[in-house]
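Reader: I'm new to this structure and a bit lost. Please give me a close look at the charged pairs, and then follow the trail inward from there.

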Amino acid sequence: DVGWEQHRTLALIAPRLPEIAPDCEYLPRVKGLAKASWTQSQVQLQASTEAVEILTAAGMPVLFIKGGAFLAAGYRYAAPRISADLDILVPRHRFGEAIRVLYAAGWRSAHSVEYASNHWRFQPGLNLLRGRHGDIDVHHQPVRTPRLTDAAVEAIWQRARPAVFRGQSILVPSVADMIVFTAAHAIPDDAEV
């Protein structure tokens, strides 16, 4: 009786459940669900990492901006983390090129390649899928709103640091930028600030 957000926390709770509630009758089920979620997450991350490989092979810089993969790549996050997709940033001026390269490799959105390549004009990012498990969000800016200036986005790239994820050379944001991105994503779109 839990949604996806709560289900993802099982991977964090399961290892501690014997300490928290050693007599819990659901202990085997929670551990099993956590393992299944983690396994599904790994399958999705592997499939989605192919998009990163395609972009880096095309000479495109890739900056991970959030999620479990981002934490694993840049911040030595020890606990298991469940991820549904990869969230990456590509340079704004190369967003269309990145989308065309991914479309050529079989990645798709709900839009034509022409519209998808220009999606950056309307939204901060675009979700692309491939096959059963490939799921990647390609962004030109790391937050939904407000629309950042080119100078602000460039400053994020300048502060980023190199990292490696599943053998791929990528970038991760500075710690200060990571905190800002996390806070921005935690605020609902309809929140009054």
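Author: One yardstick before we start: a residue counts as buried under 20% relative accessible area, as exposed over 50%, and as partly exposed in between. Keep in mind, too, that this is a predicted model.

Now for the charged pairs. Searching the whole structure turns up 5 salt bridges, and I'll pick out a few. One of them joins the side chains of R16 and E19, with 3.6 Å from N to O. R16 has 46% relative accessibility, so it counts as partly exposed. Its partner E19 is at 59%, which makes it exposed.

Another salt bridge is between E97 and R94, and here the closest N and O atoms are 3.0 Å apart. This time the two ends fall into separate classes: E97, with a relative accessible area of 29%, is partly exposed, while R94 counts as buried because its relative accessibility is 18%.

The pair I'd spend a while on is E50 and R130. Their salt bridge has its closest N and O atoms 2.2 Å apart. It ties together distant parts of the chain, since E50 belongs to helix α4 (residues 27–57) and R130 to strand β3 (residues 125–130), 80 residues apart. E50 has 29% relative accessibility and so is partly exposed; R130, at 24%, is partly exposed as well.

Helix α4 and strand β3 are a handy way into the interior. The largest nonpolar core has 25 residues, and F64, I88, L128, I136 and V138 are the ones with the most contacts inside it. Both α4 and β3 are among the elements that supply at least two residues each, along with β2 (86–89), α6 (95–104), β4 (134–139), β5 (161–165) and β6 (168–172). The top contributor is α6, which gives 5 residues.

What does I136 touch, once you leave aside neighbours within four places in sequence? Its contacts include S48, A51 and V52, then D85, L86 and I88, then W107, and finally L126, N127 and L128. There is also a second core, separate from that one, with 10 residues, including L63, I65, V143 and A160.

Those two names, L63 and I65, come up again when you look at a charged residue on the inside. D87 is found in strand β2. Is D87 buried or exposed? With a relative accessible area of 5%, D87 is buried. Apart from residues up to four places away in sequence, D87 touches L63, F64, I65 and K66, as well as D137 and H139. With H139 there is also a side-chain polar contact of 3.1 Å.

One last stop, further along the chain: helix α9 (residues 175–186). From first C-alpha to last, its 12 residues reach 17 Å, close to the 16 Å expected at 1.5 Å a residue. Its buried residues are D177, M178 and F181. They sit on the same side of α9, because they cover an arc of only 100° around the axis. An α-helix has 3.6 residues a turn, so residues three or four places apart point the same way. Turned away from that buried side is a face with the exposed residues A176, I179 and A186.

Technical notes. Residues are numbered from 1 along each chain as its sequence is written. This is a predicted model: local features need pLDDT of at least 70, side-chain atom pairs count only at pLDDT 80 or more; totals for chains, interfaces and linings use all residues. Side-chain values use heavy atoms; hydrogens and water are left out. A salt bridge is a side-chain nitrogen of Lys or Arg within 4 Å of a carboxyl oxygen of Asp or Glu. Buried means under 20% relative accessible area, exposed over 50%, partly exposed in between (1.4 Å probe, protein chains only). Helices (H or I, at least four residues) and strands (E, at least two) are DSSP runs, numbered from the N terminus. A nonpolar core is a set of buried Ala, Val, Leu, Ile, Met, Phe, Trp, Tyr and Cys residues joined through side-chain atoms within 4.5 Å. Contact means heavy atoms within 4.5 Å. The expected span of a helix is 1.5 Å times one less than its number of residues. The arc is that of the directions from the helix axis to the C-beta atoms. A polar contact is a pair of N or O atoms within 3.5 Å; within protein, one must be able to donate a hydrogen and the other to accept it, and residues adjacent in sequence count only if both atoms are side-chain atoms.
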